[in-house]
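Please examine the model shown here before reading on. The paragraphs that follow lead through its sheet, its helices and a few individual residues.

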Amino acid sequence: MKNIFVYIGSRNKDSRLFRYTYQIIDFVRNNGNAVGNIDIYSPLNCNLHPSTGCKNCFQKGFCPNEESPNDDGELIKTKIEQADIVILASPVYSHNVSSDMKVLIDRLSYWAHIFKLAGKSGVIVTTAESNGAQFVADYLTKIMTYMGASIEHIVNFVNSEQDLAEMYAEEAAHKIIEICDDSYHVTPTSQQELTFQTLKLILLDYPRDHFEYRYWKDHGLFDCQSYEELVNKYVKV
């Protein structure tokens with residue numbers, strides 16, 4: 001059984017992004033035999049304060065925003081950590097992700113230094129009126145890849161291709177169901193391997209009390225000879 005985390009970066013519950021994302025998830029929920037918990041979040045049911053640029057997360061491993069009673073950052077991080085599949089869905093706003101999706105990414109940005117998504121599968125969903133979907137998909141792919149995820153599927157719903165939307169949604173759902181099977185394993189990319197080796201050299205010179213150094217040491221990243229070895233440590237068997 002594999003758990004799924006979904007973040008929809010829109011405040012419009014009547015948007016095509018909500019409709020298509022829920023269409024995909026409903027199909028997965030109704031047809032997937034190996035699907036565990038599915039947690040769906042958006043700005044409508046959780047609150048994330050914008051990053052302040054204090055760098056506390058990089059240096060100490062936690063965000064001061066999470067001390068606020070109306071900030072759900074700690075909850076969101078926990079849900080992502082518990083997930084095997086992470087789905088990020090964003091509308092295209094001026095050839096970029098929505099502001100809410102960017103807040104989520106900013107709050108998780110230090111994960112790119114610790115490969116927090118190692119062993120997890122990533123799925124990307126975008127909606128666009130006419131163009132810009134590929135720009136957003138490429139951006140989300142880059143971010144999730146650097147955080148350690150393996151991008152297994154990308155689906156772009158462009159308004160000019162409405163006649164293909166049903167097919168795209170079904171293809172995405174079938175891929176997620178496939179990923180949920182215990183026999184499915186992610187494959188690291190050459191870019192992830194290069195990034196892992198580069199960060200390893202850099203972080204070995206960090207102060208011993210720095211969060212990133214301690215994380216790598218405590219979680220055995222320094223002991224891994226390759227990123228593939230790290231991924232294999234995190235994959236559930």
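Helix 5 (residues 133-146) lies across strand 3 (85-91), strand 4 and strand 5, and runs at about 160° to strand 4. Helices (H or I, at least four residues) and strands (E, at least two) are DSSP runs numbered from the N terminus. Angles, from 0 to 180 degrees, are taken between N-to-C directions of axes, which are lines fitted to C-alpha atoms, for helices over the stretch in contact; contact means heavy atoms within 4.5 Å. Helix 6 (residues 165-180) lies across strand 1 (2-8), strand 2, strand 3, strand 4 and strand 5, and its direction makes about 165° with strand 5. The model is a predicted one, in which local features need pLDDT of at least 70 and side-chain atom pairs count only at pLDDT 80 or more, while totals for chains, interfaces and linings use all residues. Residues are numbered from 1 along each chain as its sequence is written, and side-chain values use heavy atoms, with hydrogens and water left out.

The strands crossed by these helices belong to an open sheet of 5 strands, ordered 2-1-3-4-5 with parallel pairing. Two strands count as paired if DSSP finds at least two bridges between them. Strand 2 (35-41) and strand 5 (150-158) form the edges, each pairing on one side only. On average, and with direction ignored, neighbouring strands of the sheet are turned by 15° against each other. At one edge, strand 4 (residues 121-128) pairs with strand 5 in the parallel sense over 8 bridges; Thr127 has Phe157 in strand 5 as its bridge partner.

At the other edge, strand 1 and strand 2 run parallel and are joined by 5 bridges, with Ile38 in strand 2 as the bridge partner of Ile4. From strand 1 the chain passes through helix 1 (residues 16-31) to strand 2, in a right-handed β-α-β crossover: with the strands pointing away from the viewer, the path from the first strand over the helix to the second runs clockwise. Strand 2 is mostly covered, as 5 of its 7 residues are buried. Here buried means under 20% relative accessible area, exposed over 50%, and partly exposed in between (1.4 Å probe, protein chains only).

Which residues of helix 3 (residues 73-82) are buried? They are Gly73, Ile76, Lys77 and Ile80. Seen down the helix axis, the buried residues of helix 3 fall within an arc of 100°, so they line one face of the helix; the arc is that of the directions from the helix axis to the C-beta atoms. An α-helix has 3.6 residues a turn, so residues three or four places apart point the same way. The buried residues of helix 3 pack against strand 1, strand 2, strand 3 and helix 4 (99-108).

Phe27 is placed in helix 1. Apart from neighbours within four places in sequence, Phe27 is in contact with Gly32, Glu170, Ala173, His174 and Ile177. Phe27 counts as partly exposed because its relative accessibility is 26%. Glu178, found in helix 6, also counts as partly exposed, at 40% relative accessibility.

Two loop residues other than glycine have a positive phi. For Lys55, phi is near 65°, and the residue sits in the loop between strand 2 and helix 2 (56-60). Lys55 is exposed, with a relative accessible area of 52%. For His95, phi is near 60°; the residue lies in the loop between strand 3 and helix 4 and is partly exposed at 37% relative accessibility.
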